[in-house]
Amino acid sequence: MNSYQSSSEFARKMDLCDPLASMRNQFYFPKINEKESLYFCGNSLGLQPKSTKNALLQELEDWKNWGVEGHFHAKNPWFPYHKIVTSSLARIVGGLDSEVVCMNTLTVNLHLLMVSFYRPTAKRYKIIMEFGAFPSDQYAIESQVRFHGFEPNDAIIEIVPREGEFTLRTEDILAAIETHKDSLALVMFGGVQYFTGQRFDMQKITSATQSAGAVVGFDLAHAIGNVELELHDWNVDFAAWCSYKYLNSGPGGVGGIFVHERHADRPDLPRFAGWWGNDEATRFEMKKGFRPARGAEGWQISNAQVFQMAALRSSLTLFDMVELPTLYAKRDELTGYLKFLLDRIIDDFPQLSYRNITPETHRERGSQISLLVGKQGRRLHNYLTENGAVVDWREPNVVRIAPVPLYNSFEDVFRLCEMIRAYSSNLVL
Ligand SMILES: Cc1ncc(COP(=O)(O)O)c(C=O)c1O
């Protein structure tokens, strides 16, 4: 779409043509000053689906009525409860059902997967990651490296943007993989970068890593439910995600993993085991000797977190109602509109030195645009909050704005940008 207009009439017209417009009614929008807010923080915590409360009440009711028997007699029996979201997740990540399971939380899962897939040797021990990755990933990777007796400064290679740039060039990522190919054990990258909103070329990174004889894993916190994923076809070794962002499962929601089918029948892979990862057929024999279940389920440790999974299920039911290409097409229109309006503000107020640091093309981003706002940024963020818009502030100087195609409208985007414009006009007066 290259004929955007900066007017509320135009935004409303876009909303009228939006095939997903009615999905908005499935969610609660938080209120600020008793008015429904303009919510742009779905990249941090997705909104609550209206159906979530009943999904949780159902489990409470079944617990009340069945006690332990709920494992088999609840409306949705708890024994196989984790399977209830498998197909929906598999569709979103582009995996087979056997490659996907929901469990634990993101950083925990990154550790568990690195236990299996970061197997350093004296010669091959290095990990390539992006510079400025989310701190939890940095800590997880550093601690894994130390756990194996290596020094993070030596073993971790962070790929840094070029001078004056904010995002990484794919060619630089591929070149680093090539340079370190003899000592490389693992490439552990984000799918979408949390700070800049850059979407990485996961397919190219995967193929280059595997040609170098190393293993590749992705942190999909900002990618799942946001960008196209074909993990199986791309041949990705493993991935992990959280579900409280674009998947709307609520605070601390249950995470999930993908392990490629190639590793499905690998009981020899070292792992930190627990009874829920044991083959279902013998799980309750309570015998010695762990026999991992086939596929991703073999990485489970504990029994299903039913309440968290119930919340996730209620949101995934909404995803199931939507064609993913339709969702992603709206994402591009909506984010394109945000970019169009922000570009005008950037041009109209050069003295404020705003800068969009998210890549220019749809292919290289998802729903998020990160606006570098300089020293006065905190005040802009506060102004937006006081006026009823929820955006995300990231130290030291970035406002992250994520219009989410499942529930945001073009009018939301227009009204937010009018607020940013009004604030900017006041500043320069
Ligand atoms: C990219 C990324 N990695 C890791 C985490 C940490 O997730 P958790 O607290 O669920 O382990 C987050 C949280 O926002 C994140 O955005």
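Here are a few questions and answers about the ligand site and two helix pairs in this predicted model.

Q: Why are α8 and α9 called roughly parallel?
A: The axes of helix α8 (residues 170-179) and helix α9 (residues 202-211) cross at roughly 15°. Angles under 35 degrees count as roughly parallel, so the label fits α8 and α9. Their axes come within 9 Å, and the crossing of α8 past α9 is right-handed.

Q: What makes α13 roughly parallel to α15?
A: Helix α13 (residues 324-348) packs against helix α15 (residues 410-428) at an angle of about 15°, and the axes are 10 Å apart. With the cut-off at under 35 degrees, α13 is therefore roughly parallel to α15. Here, too, we have a handedness: α13 passes α15 in a right-handed crossing.

Q: How do you know that Asp137 makes a polar contact with the ligand?
A: A ligand nitrogen lies 2.7 Å from an N or O atom in the Asp137 side chain. A pair of N or O atoms within 3.5 Å is a polar contact, so the Asp137 pair qualifies. By that cut-off, Asp219 qualifies with a ligand nitrogen at 2.8 Å, and Lys245 with a ligand oxygen at 2.8 Å. The protein covers 81% of the 400 Å² of accessible area that the ligand has on its own.

Q: Which residues surround the ligand, and what makes up the shell by class?
A: The ligand is surrounded by Leu106, Thr107, Phe134, Asp137, Asp219, Ala221, His222, Tyr244 and Lys245. By class, the shell has 4 nonpolar, 2 polar and 3 charged residues.

Methods. Residues are numbered from 1 along each chain as its sequence is written. This is a predicted model: local features need pLDDT of at least 70, side-chain atom pairs count only at pLDDT 80 or more; totals for chains, interfaces and linings use all residues. Side-chain values use heavy atoms; hydrogens and water are left out. A residue is near a molecule or strand if one of its heavy atoms lies within 4 Å of it. A polar contact is a pair of N or O atoms within 3.5 Å; within protein, one must be able to donate a hydrogen and the other to accept it, and residues adjacent in sequence count only if both atoms are side-chain atoms. Accessible areas come from the Shrake-Rupley method with a 1.4 Å probe; for residues, only the protein chains shown count as cover. Ala, Val, Leu, Ile, Met, Phe, Trp, Tyr, Cys and Pro count as nonpolar, Asp, Glu, Lys and Arg as charged, and the others, Gly among them, as polar. Axes are lines fitted to C-alpha atoms, for helices over the stretch in contact, and angles run from 0 to 180 degrees between N-to-C directions. Helices (H or I, at least four residues) and strands (E, at least two) are DSSP runs, numbered from the N terminus. Angles under 35 degrees count as roughly parallel, over 145 as roughly antiparallel, 65 to 115 as roughly perpendicular and the rest as oblique. A crossing is left-handed if the near helix is turned anticlockwise from the far one by less than a right angle, and right-handed if clockwise.
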